Amino acid sequence: MELNQNIAPIYEALKKLIADNTIPFDVPGHKRGKGNPLLQEFIGERACEFDVNSSKTIDNAIHPTGVIREAEKLMAEAFCADDAFLMVNGTTSAVQAMLMAACKEGEKVILPRNVHKSAINALIISGAIPVYINPGVNNELGISLGMSVEDVKQTIEENPDAKAIFIINPTYYGICSNIKEIVKIAHEYEMLVLIDEAHGTHFYFGDSSPFGGMQLGADMCALSLHKTGGSLTQSSVLLVRNENINSQYVRSVINITQTTSSSYLLLTSLDLARKQLALNGTNMINRAVELADYARGEIKKIGGYIVFSRDLINGDTIADYDVTKLSINVSNIGLSGFEMGNILRDEYHILIEYGDANNFMCVISLGDNLENIDKLVAALKDIKEKYSCEKLEIVKAEFIIPEVSVSPREAFYARKMPVLFTESEGLVSGEFIMCYPPGIPIVAPGEIISKEAIDYIIYSKAKGSLITGTEDLDNEYINILVY
Ligand SMILES: Cc1ncc(COP(=O)(O)O)c(C=O)c1O
């Protein structure tokens, strides 16, 4: 690396601002916490002092020319990109900026249907038209996989006018598509390659981790540094390669929706997370991989549980696998992943990242240790002894192949009326319905509601999943299109 990754420009400028006892006659009105002792007690004096407004010495995220710009350049270098943007509204806003920068109204984008809802919401905002590819499926585990290169090739050939292809790297369960090949094909057709790397920040640092999209030639990647990179929740990064994309244009797209009051707590946390990853990320991620491998071995010894591993790799729909997603199939135990999550939380005070009908997943990351892994293993052993019952059938989960009637944007703005969800089969949905997490729509606006989708939502709700997307918070009614 050519830049000095040992510095953290935003952090250092903020420390100077505070050390100079600068008097704040600007917002935020809590004035370094003094105006809200409850807040001070909650997050501490230091955090309150650092919650400041942009000014000359600490730059401004909407038009950075000082320390924020410097931090962006350091971030870009650390992640093998030409440029980087610090995002304070999560990877949701980074995904939306990528899609809005790549496609205008009416232009096509190719994407797998098991995308996070932020991608489909971007289509509502931009008016881009989705061309869905159904990802591979593993019916023994009940999970969706990556896109097969053959499917991508065929879809690109059938839609040579598409402006971009959107890839997830990795999926919630750690599955990676063959990005290198997909980039090659897409670029031959002058399509941009956009990657949702919400769960892949650590890829850029671990010696044995899958590669990050930027390392494989993608044009833009959206990374949740807050998920596996060590920054504060809601802080993310958008990476750009300049060969096919103009950074200035991307910034103007980001500025359409990004706040004009970026939190310096979030920005600084990105600066410090980048510094730590650049200096020590490889050791830290390698350690997380070791811990995950250890957990995998111990859980296998218990029996019954099926722990996902690199053995799944098939060179196509699973081109690589992220072992730090400790993903476990529990159907042999007779429990759903939802129920495992509930039992672990309520009886063992252990929180998992995500559970579905068949599996659950724990994220192993920078802050984990052997003691906590051993507690998880002991809990799983105990649960197997206490709860084992008849094996459950695998339920098709995560996403259900949709029949699209109209575009997400047309459906979102159409005339709608609520009907009972249980009686909505065959009608065109005007809104989303999904389990959260993972936030992958079971039904998206513009899709015909199938019996399979209704059954899956009813099943997931009964098993304790949080169902979101409908205006009706009780999920009894869904808005459908009225013609
Ligand atoms: C695959 C994927 N993409 C995007 C997002 C959105 O990220 P954020 O919560 O940082 O906005 C998530 C969130 O979980 C996700 O799982």
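**How the sheet, its helices and the ligand shell are called**

Guide: In this predicted model, helix α4 (residues 67-78) lies across β1 and β10 (236-240), and runs at about 120 degrees to β1.

Visitor: What does helix α10 touch, and what is its direction relative to β1?

Guide: Helix α10 (residues 247-257) packs on the sheet and touches β1 and β10. Its direction makes about 10 degrees with that of β1.

Visitor: Why are β6 and β8 called paired?

Guide: Pairing takes at least two bridges. Five bridges join β6 (residues 164-168) to β8 (residues 192-197), so the two strands count as paired. They run parallel. In one of the bridges, phenylalanine 166 has leucine 194 of β8 as its partner.

Visitor: What is the strand order in the open sheet?

Guide: Seven strands, in the order β1-β10-β9-β8-β6-β2-β3, with mixed pairing.

Visitor: And what makes β1 and β3 edge strands?

Guide: β1 (83-87) and β3 (129-133) each pair on one side only. As for the twist, it averages 20 degrees from one strand to the next.

Visitor: How do you know which residues surround the ligand?

Guide: A residue is counted if its C-beta atom, placed from the backbone, lies within 6 Å of the ligand. That gives 13 residues, the closest being Gly90, Thr91, Thr92, His116 and Ala198. Helix α5 (residues 90-102) gives the most to this shell, with four residues.

Visitor: Why does Gly90 go down as polar?

Guide: Gly is put among the polar residues by the classing used, so Gly90 is polar here. By class, the shell has four nonpolar, eight polar and one charged residues.

Conventions:
Residues are numbered from 1 along each chain as its sequence is written. This is a predicted model: local features need pLDDT of at least 70, side-chain atom pairs count only at pLDDT 80 or more; totals for chains, interfaces and linings use all residues. Axes are lines fitted to C-alpha atoms, for helices over the stretch in contact, and angles run from 0 to 180 degrees between N-to-C directions. Two residues are in contact if their C-beta atoms, placed from the backbone, lie within 7 Å.
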